[in-house]
Amino acid sequence: MALKKKRIRSIVIILAFIIYFLTAARPIPREIILAHEWITSLETDLQNANTDFQEGDPDKKMPEPVSPIWSDDLIPFALGSRFGFVGSSGSFAVNRAKTNDIYLSRNMWTEYGAEPENIVINNILEGTEINVENARGYPVLLDGKIFIFGSDQNSISEINDNGNINWTYDFGAPLTAFDAAAGFIVTGSLDGVIEVFNSSGERIYIFEPGGSRYSIILGCAVSNNGMYIGIICGIDQQRFLLLERTGNSDYMVVYHEFLETGFRRPVRVLFIDDDQRVIYERMEGIGCYSIKTRRAVTIPLDGEIVAIDESGDSGILFLITAHADRLKKLVGIRFPAERFFELPGNGVQNNIFMQASFRSDDVFLRRAGSMLVIGGGTALISFSLTEK
């Protein structure tokens, strides 16, 4: 009898241990390593670069000049007084001095004056030009398309490959936010109205979030799959809303959050990590909402966000914050696994895995898969991202 009780006690202890392990154990985090690949200068001589990274390899040689590779591995950049496209090897397909305003997308770029009459859109991958005559506005390049904002910010037009207008839509108030992806166009206006259009320019949805003392849309984004829309709206109080598409032309609010003290400027909203998460600026840092778990956390940050990784692949996000005396910080954040997203002690604030400081007036940040490109002064530096 005593032996039987002892066996039962042993089984209970083992089961209790297994239950504790499954519910309370934490995975050992993998170490994330940034391996220095190349450094290149936007000027002819690297010694002219006006930046002093605290961590770097001064003996690292610049890549040998090669003919530009016109392929889809090119990364658009704008840094200081220059802009262009750089390849994964560090060679430039385009490296030009700014003379006017510019707009860059993954495959197109344009430079235009204060009141442009004609605008030339250059396609870097196809090596073609599109001439938009009598533009009467300013170009926006998104979702592989060309849009012209009216000079009063109260109209948009889509331009085709011949430089002609496909369609135009006039708004009742100036536009304050705009995004396009997956064939959908989302606009936000000064009067606090969200409007959604299909690829033919037909308005398929209109929404007024309201709920604030001053109605205005300060930021909006549509997910890469077109299923979700993120919105920052209102002043006093400011709010974040996430809308989910429920039909061809209908959406519903699936998440809502008051942000208390808010911004009075355009606010970043981004879908990252293959649309698994949406991140948005807030005064305390950034908010992150997990679409899978339907939960949100706040990531406390010091300084002002001046650049952010738009991919956030594999649950890892990079951004750059600005501080006094030209000080900038590269911050790396690892989001917790979905099952630990809301467990005590696993807040995202504990998942900042790196901070590296450097000094520069201007910065650039872009991520393409495992490659991270950082810019400061007149230098671009590439790192490969690996885990151990």
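A charge sits over a ring if NZ of Lys or CZ of Arg is within 6 Å of the ring centre and within 35 degrees of the ring normal. With that in mind I looked up Arg265, which lies over the face of Phe263, at 4.2 Å from the ring centre.

Notes to self: this is a predicted model, where local features need pLDDT of at least 70, side-chain atom pairs count only at pLDDT 80 or more, and totals for chains, interfaces and linings use all residues. Residues are numbered from 1 along each chain as its sequence is written, and side-chain values use heavy atoms, with hydrogens and water left out.

Next, aromatic pairs. I searched the whole structure and got 16 of them (rings of Phe, Tyr and Trp, the last by its six-membered ring, with centres within 6.5 Å; planes under 30 degrees apart are stacked, over 60 edge-to-face, the rest tilted). One of them is Tyr112 with Tyr138, a tilted pair at 6.2 Å centre to centre and 55° between the planes. This pair links distant parts of the chain, 26 residues apart: Tyr112 is in strand S6 (residues 108-112) and Tyr138 in strand S9 (residues 137-142). Strands here are DSSP runs (E, at least two residues), numbered from the N terminus.

I checked accessibility too (buried is under 20% relative accessible area, exposed over 50%, partly exposed in between; 1.4 Å probe, protein chains only). Tyr112 is buried at 11%, while Tyr138 is partly exposed at 23%.

I also noted one aromatic cluster, formed by Trp167, Tyr169, Phe171 and Phe197.

Last stop, Ser91. I found Ser91 in the loop between strand S3 (82-86) and strand S4 (92-97), buried at 11% relative accessible area.

Technical notes
Helices (H or I, at least four residues) and strands (E, at least two) are DSSP runs, numbered from the N terminus.
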